[in-house]
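Student: Please choose one part of this structure and take me through it slowly, together with what lies around it. I am new to it, so explain each term when you use it.

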Amino acid sequence: MDIWLAETQSSLEEARLIQRLLADDPRPLWISLTLSDDPLSPGKLRSNEPLAQVVAKLNENSLDALLFNCSAAEVMEDALHIASQALGEDSPVRLGTYANSFTPITEQHQANQELTPLREDLTPEAYLEFARSWVKAGASIIGGCCGISPLHIQKLRELQHSLP
């Protein structure tokens with residue numbers, strides 16, 4: 001099956017542009033948003049836009065899956081809960097996550113200025129525990145982004161039986 005996957009969208013404007021450009025295309029559209037890594041301020045995109053409002057706006061147009069990627073594992077579960085609530089109980093939109101293994105990225109981060117270190121604490125086993133919480137929060141698509149290794153993905157196979 002062919003799909004459109006718009007990854008690492010950091011603002012509503014970016015994601016809505018993708019929806020407009022692909023409005024007449026019959027293939028499924030999956031949009032993946034990147035979130036603020038600040039666990040004390042959950043539910044915001046990197047643009048600081050509130051996730052609930054962004055999801056509601058994206059849901060006004062064609063959307064087959066809403067994902068969260070290239071963000072810290074710790075912020076994914078809250079994002080799934082917020083998105084699920086904003087989409088509504090009977091929404092056909094699938095939810096998913098694929099976190100990165102970077103140390104948290106702050107607002108002061110300048111893209112491409114330096115290499116972002118990888119976390120040593122996000123082992124394959126630790127990633128699997130996060131993934132289990134994501135499934136409980138409604139994710140049916142789970143993978144890995146920057147710094148997530150084949151060993152992490154191999155460990156995720158243990159989730160296969162619990163995914164719808």
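Tutor: Cys-70 lies in the loop between β3 and α3, where helices (DSSP runs of H or I, at least four residues) and strands (DSSP runs of E, at least two residues) are numbered from the N terminus. This is a predicted model, in which local features need pLDDT of at least 70 and side-chain atom pairs count only at pLDDT 80 or more, while totals for chains, interfaces and linings use all residues. Residues are numbered from 1 along each chain as its sequence is written, and side-chain values use heavy atoms, with hydrogens and water left out.

Cys-70 is buried, with a relative accessible area of 14%; buried means under 20% relative accessible area, exposed means over 50%, and partly exposed lies in between, computed with a 1.4 Å probe on protein chains only. The phi of Cys-70 is near 50 degrees, a positive value in a residue other than glycine. Most residues other than glycine have a negative phi. Another positive value belongs to Asn-48, which is not a glycine either and has a phi of about 75 degrees. Asn-48 sits in the loop between β2 and α2 and counts as partly exposed, at 36% relative accessibility.

From the loop of Cys-70 we can step back into β3, which is mostly covered, since 5 of its 5 residues are buried. Ala-65, Leu-67 and Asn-69 point one way from this strand, whereas Leu-66 and Phe-68 point the other way.

Consider next the partners of β3, where two strands are said to pair if DSSP finds at least two bridges between them. With β2 the pairing is parallel and extends over 4 bridges, and Trp-30 stands opposite Ala-65 of β3. With β4 (residues 94-98) there are 5 bridges, and these two strands also run parallel; here Leu-66 stands opposite Leu-95 of β4. The chain crosses from β3 through α3 to β4, and this β-α-β crossover is right-handed, a term that applies if, with the strands pointing away from the viewer, the path from the first strand over the helix to the second runs clockwise. β2, α2 and β3 likewise make a right-handed β-α-β unit.

These strands belong to an open sheet of 5 strands with parallel pairing, in the order β1-β2-β3-β4-β5. Because β1 and β5 stand at the edges with a single partner strand each, one side of each is left without a neighbour in the sheet. Neighbouring strands of the sheet are turned by 25 degrees against each other on average, direction ignored; axes are lines fitted to C-alpha atoms, for helices over the stretch in contact, and angles run from 0 to 180 degrees between N-to-C directions. The edge strand β1 is joined to β2 by 4 bridges and runs parallel with it, and within this pair Gln-9 has Leu-33 of β2 as its bridge partner. Gln-9 counts as buried, at 10% relative accessibility. Helix α4 packs on the sheet, touching β4 and β5, and its direction makes about 145 degrees with that of β5.

Residues of β3 also take part in a nonpolar core, which is a set of buried Ala, Val, Leu, Ile, Met, Phe, Trp, Tyr and Cys residues joined through side-chain atoms within 4.5 Å. Of the 38 residues in the largest such core, Leu-33, Leu-58, Leu-66, Phe-68 and Trp-134 touch the most other members. Among the elements that each supply at least two residues of this core are β2, β3, α3 and α4. A second, separate core of 8 residues includes Trp-30, Phe-102, Ile-141 and Cys-145. In soluble globular proteins, nonpolar side chains tend to be buried together.

Trp-134 is worth following a little further. Leaving aside its neighbours within four places in sequence, Trp-134 is in contact (heavy atoms within 4.5 Å) with residues that include Ala-73, Met-76, Leu-80, Tyr-127 and Ile-142.
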